[in-house]
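Q: Please take a close look at the aromatic ring pairs in this structure, and set them against the chain as a whole and its unusual backbone spots. A connected account would suit me better than a list.

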Amino acid sequence: MPKETLLKRYKLCKYCLERHTRRGRSSKPCYICRGLMDNLGAIANSIAAAAKCFEFDTFLIGAILSTQLYEREDAMRARLKIRGRESIKHYLTRELGIRLAKLSRKEVEYGKPDIMITLVVDKENNVNVTIISRPLVFAGVYIKKSRGLAQKQGKCVNCGGKGCSPCNYSGLSGYHSVEGVISREMMRITGGQTPKFTWMGSEDPYSLVLGSGRPFYMRIFNPKKRKIKLKTIKGNGIKATIKPINSVPVAQPRFTVKSKIHIKCENALTKKILKKLDSLSGCAVSFENKAKKGVKSVYSVRVRQVDNNCFNLTIVADGGLMIKQFVGGEEYMKPNISEILGSKCECVIFDIMDVQLQ
């Protein structure tokens, strides 16, 4: 389409003209963008100002434009049979990317950018800038030396875990747990939101976690700071060590747990009766309930009698073995301690002595 024919029918700014003819004299007001492209410099400056609170090395810009803008461009192209030209959305984001790269001295990244910048342009060409940063991923391990602290924290009743102003965008009901203590500090360090955890097993609130500690993974969403090194977090009787990693493993690693269980039995105990528990060493414990079924291996057992009705059992078993059910015989667990001893047993308390990833 000759430029004379195009300009006779439609007035275009130099940017929209360049996209369709690569030459010619521009006119105003522009039929397609209505002045949007003339504000590239101001838009790039507003993006740079919004991005200053983020640590990043790479970025990507996306845009949501008004339907009226697309309709004008499509109508003109259809009437003049123009094909294969760059769209206004692609041109806008590309040009803004070039300008922001110069202003910030950062690079455009299409794969996994540190921040994703989204522009929403309404029909009046008002531009709203939103920036979301890529989540940070950490591997950690914690030791718990005081009783009464749960591992997990309940969700915020106001937002259901999504993050809102009342919960300081944590998604949590508070910080009175292992999850809460770690989350609060990591949010402070990174300036991020809504931490999400992947646990390597669990324990009761009154259980201790000793030895090398219990491993876990966590993600922090929309962090402001990215250059995080090894961190140690202390508080409420826990000590957690956390380091950044690239991603959470797709498949959870296998792990074994060494547990010390204090057990109370209905009937009196003798050494001969307790000797029966040696059969657990090397056995496979099966379980089944409405939620799941499976098999966990027990690798070693050690028994120490405390009094006529109580004893301590130290076992090394696959992670995920439900200790209380294993002792009491619930959840269709076979074999179980109550069954072996021929007397109803109760887990009074249990502690995690060590957790080892396989």
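A: A residue is called buried here when its relative accessible area is under 20%, exposed when that area is over 50%, and partly exposed in between. By that rule, 44% of the 358 residues of the protein chain count as buried in this model, which is a predicted one.

Before the rings, some words on the chain that carries them. The protein chain has nine helices and 14 strands, and its C-alpha trace spans about 105 × 40 × 35 Å along the principal axes. Its radius of gyration is 31 Å, whereas a compact globule of 358 residues would have one near 21 Å. Among contacts between residues at least 6 apart in sequence, 68% join residues at least 24 apart. The accessible surface comes to about 19200 Å², with 49% of it belonging to carbon and sulfur atoms. The chain holds 64 positive and 30 negative charges, and the mean positions of these two sets are 5 Å apart.

Now to the rings themselves. A search of the whole structure finds eight aromatic pairs. One of them is formed by Y10 and Y31, whose ring centres are 4.8 Å apart and whose planes meet at 55°, a tilted arrangement. This pair links distant parts of the chain, since Y10 sits in the loop between α1 (3–9) and α2 (14–20) while Y31 sits in the loop between α2 and α3 (40–51), 21 residues apart. The two partners differ in cover: Y10 counts as buried because its relative accessibility is 7%, whereas Y31, at 25%, counts as partly exposed.

The pair of Y142 and F216 is likewise described as tilted, because the ring centres are 6.1 Å apart and the planes stand at 45°. Y142 lies in strand β5 (residues 136–144) and F216 in strand β7 (residues 209–221), so this pair ties together parts that are 74 residues apart in sequence. Both Y142 and F216 are buried. They also belong to a wider group, for ring pairs link Y142, F197, W199 and F216 into a cluster.

Strand β6 (residues 193–199) brings in a backbone feature through T194, which is found in that strand. Most residues other than glycine have a negative phi, and most peptide bonds are trans. Against that background, T194 has a positive phi, near 40°, and T194 counts as buried because its relative accessibility is 9%. A positive phi is also found at N236, where the value is near 55°. N236 is placed in the loop between β8 (231–235) and β9 (238–245), and with 46% relative accessibility N236 counts as partly exposed.

The peptide bond from K334 to P335 is another backbone feature to check, as it is cis with omega near -10°. P335 itself is placed in the loop between α8 (323–328) and α9 (337–341).

Returning to helix α2, which borders the loops of Y10 and Y31, one finds H20 within that helix. H20 counts as buried because its relative accessibility is 4%. The C-alpha atoms of H20 and R83 are separated by 9.1 Å, although these residues are 63 residues apart along the chain.

Key. Residues numbered from 1 in each chain as written. Predicted model: local features only at pLDDT ≥ 70, side-chain atom pairs only at ≥ 80, totals over all residues. Heavy atoms only, no water. Helix = DSSP H or I, 4+ residues; strand = E, 2+ residues; numbered from the N terminus. Rg over C-alpha atoms; globule rule 2.2 N^0.38 Å. Buried < 20%, exposed > 50% of the residue type's maximum accessible area, 1.4 Å probe, protein only. Contact = heavy atoms within 4.5 Å. Areas by Shrake-Rupley, 256 points an atom, 1.4 Å probe, with all protein chains shown as cover. Lys, Arg positive; Asp, Glu negative; His and termini not counted. Charge placed at Lys NZ, Arg CZ, Asp CG, Glu CD. Phe/Tyr/Trp six-rings, centres within 6.5 Å; stacked < 30°, edge-to-face > 60°.
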